[in-house]
Amino acid sequence: MKKSIITTLSFRRNLLSDKIYYKKGKLSPLFFIGCIAAVLSFTAVHAQTDTLIVRGKVANLTLKLYRQAPEITVARVNILESSREIVRTAQLQPDGRFELKMPLIYPQEECYLTYANVVMPFLGTKGATVEVTIFVDSLGKNGLPLRFGGVRATTNNRHAQFYTAFNKWLKANPDNPPTKFDNSYRFWEKTALEQDRRVDFYRAFFTTKDPLLDKWVISSLEDATKAKFYNLLTQRTEPLPTGLLGAADLDTTLFLTFAKADSYQQFMNHAFATTHNLAEGALAVNKLSALILKYVPDLSTEDSLKLESFIQGGKAKSKDISFLSNLFNRQEETLRLISIYEVYCRNFGATYNEKELEYLKTVFYASNMNNFTSQKMTIWYNHIRPTLKNPYYIRSLDEIHHIQSIDSALIHSATSQIDYATTNDPLEVKSGIFLAKNSEFTNGNTIWDRIKKKYQGKTIYLVFWTNDEVGRIALAEAQALRGTIPENKVAFVYVCEHQTTDELWIQSVVKSKSRGLHIKLDETQNDFFVNEWGISNVPHSVLVDANGKYIQRDAPLPADRAGWDKIWPKVVR
């Protein structure tokens, strides 16, 4: 994911798996049963979003550059899923013109435009048009390679000047090396000082002020500080200090940046790590009765009245447990999932206020969608959405559910065919996205030889990833990197470790839209690549030259711009 101007997090971490909150719970046996989907049409409930139009021209486009970089991409982020971008792509016309439409949820959202080696943020406004002129002669040089027009043109051009200068300043004036802190207050003080130093640079950069630009830059800096702080508290499994409750509040202004989405994500991680389950794991009788009344069809009048009495506060006797259990079993798979969500909400409701709880309720869907099928996610979506009040959370939920739903048929079809897909004959699930499982091979060396032979004559960039949040971020970063490299120069290959199901692997690949060859390993093949490439942390990247020889066994990760700057001449010749 393209980070905001102040985010410098590293995504290289030890091998891990996702932390799903509800797995911590101790539900009664009544709740651990399968899932039946009662799918409602998405189009019936989808809240329409307004559209941003991005149009412009690559000035003086040459035929060579047109062949090497034939498209423009624009990306934004959903506040419920900061690790994955919403991307729109436009093919360049022969004269360099382009146009695309990007749906927005918040009134104003930070977007990133990518072309060739240019990555530049800009501010998008609902229903507006942003115009961009990219100057070919300035690509790869120190000057600004583009100029904005249209709505918010002045703010976007001033931000582009600041963004370019700020990144140079950060390289020349890096933060002090990280140190150990005996308490979280000292860490907060250090990050606050870093924030102040950056704000001072910004305030000194312009003699005339722009209120909207102030809001954009300073809120991003503040959100980055919050994200770092919540990340530290999560690592140390510490609660938010009472004295910092106001300072670390979620920013609920109607202005969405990548930094804000990341701060929400870090808040969620902290909440998951530090919220303890209540002593009693099962739902209360009145809540369970309400769910049965809502989800179990064809109840008798007598059963309905009895459930109503429990909802109104009537006490259940021992014999009533059997009554409730029998009704539960009639729609047990759906009710099991709904009950997991309700216990989750109850646990967080005991700790967080309404503003925070609304976000945590909504993000439950996004935090689990990479680990469950679309069918099961639809049950949660249909239950969660009517309970929400915040219209921006509702629209954000609608958006990611829509993305989840439209890919479900494709994922199901690919899952049924994947056993027959090999490196030499992969399955193309979407334009430019190829899958291979190599089921007939047990020798990882055979797969490695086939990869090098398949792409002989090209540089190969390989990403070894795990199907968790860190791995999915690496996929998104690789897709962004791919857009900056001439298409005929480098082949992108993604190697997924063995500890995930085929369906969830395919789901992550399809949703990432990462073009290239994706290979799913079994355990033996996994061991070969770990040893061959010397993998100790994931994600891990490898670069191989056109003759199949290693350029680097431990190559820069997709997000490592500084690392790529050093090896760029070896890759793009």
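## A walk through the sheets, helices and cores

Let us start at a hairpin, where β15 and β16 run antiparallel and are joined by three bridges. Strands here, like helices, are DSSP runs numbered from the N terminus, with at least two residues (E) for a strand and at least four (H or I) for a helix; two strands pair if DSSP finds at least two bridges between them. The model is predicted, with residues numbered from 1 along each chain as its sequence is written, and local features need pLDDT of at least 70. Side-chain atom pairs count only at pLDDT 80 or more, while totals for chains, interfaces and linings use all residues, and side-chain values use heavy atoms, with hydrogens and water left out.

Back to the hairpin. S541 stands opposite A555 in β16. Five residues lie between the two strands, and G548 takes a positive phi near 85 degrees in this hairpin. On the other side of the story is β12, which runs antiparallel to β15 and is joined to it by five bridges; here V463 stands opposite S541. Is β15 open to its surroundings or enclosed? Five of its five residues are buried, so β15 is largely enclosed by the rest of the structure. (Buried means under 20% relative accessible area, exposed over 50% and partly exposed in between, with a 1.4 Å probe and protein chains only.) In a regular strand, side chains alternate between the two faces of the sheet. In β15, H540, V542 and V544 point one way and S541 and L543 the other way, and all are buried.

These strands belong to an open sheet of seven, in the order β10-β11-β14-β13-β12-β15-β16, with mixed pairing. Its edge strands are β10 (427-430) and β16, each of which pairs on one side only. On average, neighbouring strands of this sheet are turned by 20 degrees against each other, direction ignored. (Axes are lines fitted to C-alpha atoms, for helices over the stretch in contact, and angles run from 0 to 180 degrees between N-to-C directions.) Further along the sheet, β13 and β14 (residues 516-520) run parallel, joined by four bridges, and V493 has L517 as its bridge partner in β14. Helix α16 packs on the sheet, touching β12, β13 and β14, and its direction makes about 175 degrees with that of β13. Contact, here and below, means heavy atoms within 4.5 Å.

Another helix to find is α19, which lies across β12, β13, β15 and β16 and runs at about 30 degrees to β15. In α19 (residues 561-571), G563, W564, I567 and V571 are buried. Seen down the axis, these buried residues fall within an arc of 90 degrees, so they line one face of the helix; the arc is that of the directions from the helix axis to the C-beta atoms. The face turned away from the buried side carries the exposed residues D565, K566 and P569. Among the elements covering the buried residues of α19 are α16 (469-482) and β13 (490-496).

Now turn to another part of the model. Strand β2 (residues 71-78) has eight of its eight residues buried. Both of its faces are covered, with E71, T73, A75 and V77 on one side and I72, V74, R76 and N78 on the other. β2 pairs with β3 (residues 81-91) in the antiparallel sense over eight bridges, and a hairpin of two residues joins them. β2 also runs antiparallel to β5 (residues 108-115), with three bridges; T73 stands opposite T114 there.

What about the cores? A nonpolar core is a set of buried Ala, Val, Leu, Ile, Met, Phe, Trp, Tyr and Cys residues joined through side-chain atoms within 4.5 Å. The largest has 101 residues, and Y115 and L360 have the most contacts inside it. Helix α10 (residues 332-349) gives the most to this core, with nine residues. Leaving aside its neighbours within four places in sequence, L360 is in contact with F267, M268, A271, Y344, F348 and Y352. A second, separate core of 28 residues includes V429, W505, L543 and V571.

Finally, look at a pair of helices. α8 (residues 301-311) and α9 (residues 318-330) pack at an angle of about 115 degrees, with their axes 12 Å apart. D303, K306, L307 and F310 of α8 make the contact with D320, F323, L324 and L327 of α9.
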